[in-house]
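Reader: I am new to this structure and would like to understand how its descriptive terms are earned. Please show me the structure, and then let me ask about it.

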Amino acid sequence: MTTPTRAPVPSFDDDDAAGGRKLCLICSKGSLDMAYPGLILANAALGEGIETHLFFTFWGFEIINKKTMGNLQFSPVGNPATHMPTAVSGLPGMQAMATRMMRAQIAGLDVPPVPEFLDMIKAAGGHLWACRMSADMMKLTQDDLYDGVEAIISATDFIELSAGAQTLFI
Amino acid sequence: MTLATIAGRPVHVNEEGFLTEFDEWDEALAAELATNIGIDLTDEHLQVLRFLRADYRAQGETPTLRRVSTVGGFDTKRLFVLFPKKPAKKMSYVAGVPKPVGCV
């Protein structure tokens with residue numbers, strides 16, 4: 001039998017978390033399958049105590065547009081990873097069916113739908129930003145966007161904001 | 001897995017210091033584990049820990065932060081206040097269960 005020693009204490013690297021590791025995720029896609037990578041990484045980073053910002057641009061607006069955020073679609077067209085013959089993937093109703101299946105799979109893993117996911121990210125202290133040019137192009141104002149979006153900001157603002165951050169373009 | 005002393009009694013822990021034997025935990029031990037990581041254990045913490053342990057016992061795995069919120073009914077913002085910065089890891093350490101493995 002080993003002699004009991006004092007138990008080790010996990011460090012949890014709190015100093016690292018406080019010491020300024022920062023993550024910026026640029027969300028530029030508006031399909032159901034491409035909305036999730038950013039949301040999942042943001043949530044994971046927040047759970048590790050990392051300052052996290054999401055910047056939504058172009059099609060990424062679908063994720064924060066109140067009208068579309070709950071109804072993102074997945075299309076098998078042009079996606080060889082679905083292993084579906086091209087001629088079949090474009091048939092009427094195929095997108096709806098593929099979207100339904102993917103939603104069910106996501107829910108089956110207890111991963112929340114997009115609006116609820118954003119609520120979770122906000123509750124965990126995440127920051128959401130919308131791109132000025134995209135808003136202008138789509139003629140959207142802050143009122144059209146998810147309430148947790150802090151502001152519509154310019155590309156320059158984002159560059160300033162992301163100083164020193166690890167930045168991912170999705 | 002080694003035998004170590006926490007709160008004056010021998011318990012089994014892994015190399016990081018997480019308890020490896022579910023039944024070696026009790027609330028007195030939790031207070032000591034919490035102190036180790038700078039948390040002053042309150043009844044509100046204990047409610048979360050009790051859920052974590054009950055869910056672990058029922059499901060065989062540590063609930064993720066989302067599950068603590070959706071199934072346990074605890075507010076996510078509050079969890080970040082109670083177990084600052086890394087709530088999922090810290091609450092599992094104090095509850096004497098493994099770190100959660102789920103992504104969300």
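Author: Strands β1 and β2 of chain B pair in the antiparallel sense over five bridges, where strands are DSSP runs of E with at least two residues, helices are runs of H or I with at least four, and both are numbered from the N terminus. This is a predicted model, in which local features need pLDDT of at least 70, side-chain atom pairs count only at pLDDT 80 or more, and totals for chains, interfaces and linings use all residues. Residues are numbered from 1 along each chain as its sequence is written, chains are lettered from A and ligands numbered from 1 in the order in which they are written, and side-chain values use heavy atoms, with hydrogens and water left out.

Reader: What makes β1(B) and β2(B) a pair?

Author: Two strands pair if DSSP finds at least two bridges between them, and β1(B) and β2(B) have five bridges, so they qualify. Among the bridge partners, B:Ile6 is matched with B:Arg9, and B:Leu3 with B:His12. The two strands form a hairpin with two residues between them, and B:Ala7 in the turn has a positive phi of about 55°.

Reader: Which strand of chain A pairs with β1(B), and in what sense?

Author: Strand β1 of chain A, residues 5–6, pairs with β1(B) in the parallel sense over two bridges; the rule asks for at least two, and therefore the pairing counts. The bridges match A:Thr5 with B:Ala4 and A:Arg6 with B:Thr5. The result is an open sheet of three strands in the order β1(A)-β1(B)-β2(B), with mixed pairing. Its edge strands are β1 of chain A and β2 of chain B, each of which pairs on one side only.

Reader: Why is one side of β5 and of β6 in chain A left without a neighbour in the sheet?

Author: Chain A has an open sheet of five strands in the order β5-β4-β3-β2-β6, with parallel pairing. Because β5 (149–153) and β6 (166–169) stand at the edges, each with a single partner strand, one side of each is left without a neighbour in the sheet. The twist averages 20° from one strand to the next. Within this sheet, β4 (residues 127–131) runs parallel to β5(A) and is joined to it by four bridges, one of which matches A:Cys131 with A:Ile153.

Reader: Which helix packs on that sheet, and what does it touch?

Author: Helix α6 of chain A, residues 114–123, touches β3 (51–56), β4 and β5 of chain A, where contact means heavy atoms within 4.5 Å. The direction of α6 makes about 120° with that of β4(A); axes are lines fitted to C-alpha atoms, for helices over the stretch in contact, and angles run from 0 to 180 degrees between N-to-C directions.

Reader: How do you know that A:Glu48 and B:Lys86 form a salt bridge?

Author: The rule asks for a side-chain nitrogen of Lys or Arg within 4 Å of a carboxyl oxygen of Asp or Glu. The closest N and O atoms of A:Glu48 and B:Lys86 are 3.7 Å apart, so the pair meets the rule. Across the interface of chain B and chain A the rule finds four salt bridges.

Reader: How many residues does each chain bring to the contact, and how much area is buried?

Author: Chain B gives 26 residues and chain A gives 29 residues. The two chains bury about 2400 Å² between them, 60% of it on carbon and sulfur atoms; buried area is the accessible area (1.4 Å probe) that two parts lose on being put together, summed over both.

Reader: Where is B:Asn14, and what does it touch?

Author: B:Asn14 lies in the loop between β2 and α1 (27–36) of chain B. Not counting residues up to four places away in sequence, B:Asn14 touches A:Pro8, B:Met1 and B:Thr20.
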